[in-house]
Structure formats: structure tokens, C-alpha cells
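Please open the structure in your viewer and keep the sequence panel beside it, ready to select residues by number. The tour begins with the whole chain and then moves from one selection to the next.

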Amino acid sequence: ASAATPVASSTRHELRRIWVILALCCGFALGIVGHGLSFWVAAAVFITVTVTVLQHEQLVGQGSVLKGVLKAAVIGVSAGLIITLVFQEFFLVRLP
């Protein structure tokens, strides 16, 4: 019975992460995109928040929360700009 406890705990943790990701995606799709922010900014915010939330436990454990958030922001801004450029310049799709 004691062997089932770590599995159940791990499963609960993974389910929680899935729900967090779904909530972040819904917030991005329904709340951010198309409501005043340009797409690249919305994507940068979404990616930054998602990376930070998903790595929060690890960053706290390492004592490097600020460094992790700054790294997530660089990744978020870079990805937001690159995604926008690819869609607008290569696929000729104008984003909001």
C-alpha cells in the first residue's frame, strides 16, 4: 500500500500541471489575444508566465527565482517576436 502513495501523489501533481496549462491556454486564447495587445506581446506574456509557473518549484528549490523569471522573459519575448515574424513574413498571415 505504501508503494501506491508516491504514484498517487505523482499523478495528482501531473493532473494539477495539466489543469494549470489548460487554464493558461484558455486565458491566452479567450482573455489576451484580440483584446488590445498586439499578438507578439500577448505571446510573450503567455510564454513568460507559462515557463515561470511550470518551473516555479524548481526555481525556488535552486534559489534562483529572479534569474528564472528573467530567462523566461527573454525566451517569451524572443518567441513572441519570432512567431509573429514567421506568420507575417513567411505565411503572409496578419496577426492582431
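With the whole protein selected and its surface switched on, you are looking at an accessible surface of about 6,700 Å², of which 73% belongs to carbon and sulfur atoms; accessible areas here come from the Shrake-Rupley method with a 1.4 Å probe, and for residues only the protein chains shown count as cover. Before going further, please keep in mind that this is a predicted model, in which local features need pLDDT of at least 70 and side-chain atom pairs count only at pLDDT 80 or more, while totals for chains, interfaces and linings use all residues. Residues are numbered from 1 along each chain as its sequence is written, and side-chain values use heavy atoms, with hydrogens and water left out.

**The whole chain**

Change to a cartoon view, and you will find three helices and zero strands, where helices (H or I, at least four residues) and strands (E, at least two) are DSSP runs, numbered from the N terminus. Read along the sequence, the pattern is α-α-α. The radius of gyration is 17 Å, well over the 12 Å that the globule rule gives for 96 residues, so the protein is more spread out than a compact globule; this radius is taken over C-alpha atoms, and the rule is 2.2 Å times the number of residues to the power 0.38. If you show the C-alpha trace alone, its span along the principal axes is about 60 × 25 × 25 Å.

Buried residues make up 19% of the 96 residues, where buried means under 20% relative accessible area, exposed means over 50%, and partly exposed lies in between (1.4 Å probe, protein chains only). Of the contacts with a separation of 6 or more, 58% come from residues 24 or more positions apart, a contact being heavy atoms within 4.5 Å.

**Aromatic rings**

Next, display the side chains of the aromatic residues. How many aromatic pairs are there by the rule used here? The count comes to three, where rings of Phe, Tyr and Trp (its six-membered ring) pair if their centres lie within 6.5 Å, and planes under 30 degrees apart count as stacked, over 60 as edge-to-face and the rest as tilted. Select Phe-28 and Phe-46, which form a tilted pair, with 4.7 Å from centre to centre and 35 degrees between the planes. Phe-28 lies in helix 1 (residues 4-32) and Phe-46 in helix 2, so this pair ties together parts that are 18 residues apart in sequence. Both Phe-28 and Phe-46 are buried.

Add Phe-39 to the selection, and you have one aromatic cluster, formed by Phe-28, Phe-39 and Phe-46. Staying on Phe-46, look for the residues it touches, which are Leu-24, Cys-25 and Phe-28 when residues up to four places away in sequence are not counted. A distance between C-alpha atoms can be drawn here too: Phe-46 and Gly-27, 19 residues apart along the chain, are separated by 8.7 Å.

**Between two helices**

Now select Thr-48, which is placed in helix 2 (residues 39-62). Is Thr-48 buried or exposed? Its relative accessibility is 16%, so Thr-48 counts as buried. Setting aside residues up to four places away in sequence, Thr-48 touches Ala-72, Ala-73 and Gly-76.

**Helix 3 and the segment after it**

Move on to Phe-87, which lies in helix 3 (residues 65-90) and counts as partly exposed because its relative accessibility is 36%. With Ile-83, Phe-90, Phe-91 and Val-93, Phe-87 makes a nonpolar surface patch of about 490 Å². Phe-91, another member of this patch, is exposed, with a relative accessible area of 52%.

Continue to Leu-92, found in the segment after helix 3, where phi is near 55 degrees, a positive value in a residue other than glycine. Leu-92 is exposed, with a relative accessible area of 66%.

The last stop is Leu-95, also in the segment after helix 3, which counts as partly exposed at 21% relative accessibility. Leaving aside neighbours within four places in sequence, Leu-95 is in contact with Phe-39, Thr-84, Phe-87 and Gln-88. From C-alpha to C-alpha, Leu-95 and Leu-85 are 9.7 Å apart in space and 10 residues apart in sequence.

Conventions
Patches are made of residues with over 30% relative accessible area and no salt bridge: like charges are joined within 9 Å, nonpolar side chains (Val, Leu, Ile, Met, Phe, Trp, Tyr) within 5 Å. A salt bridge is a side-chain nitrogen of Lys or Arg within 4 Å of a carboxyl oxygen of Asp or Glu.
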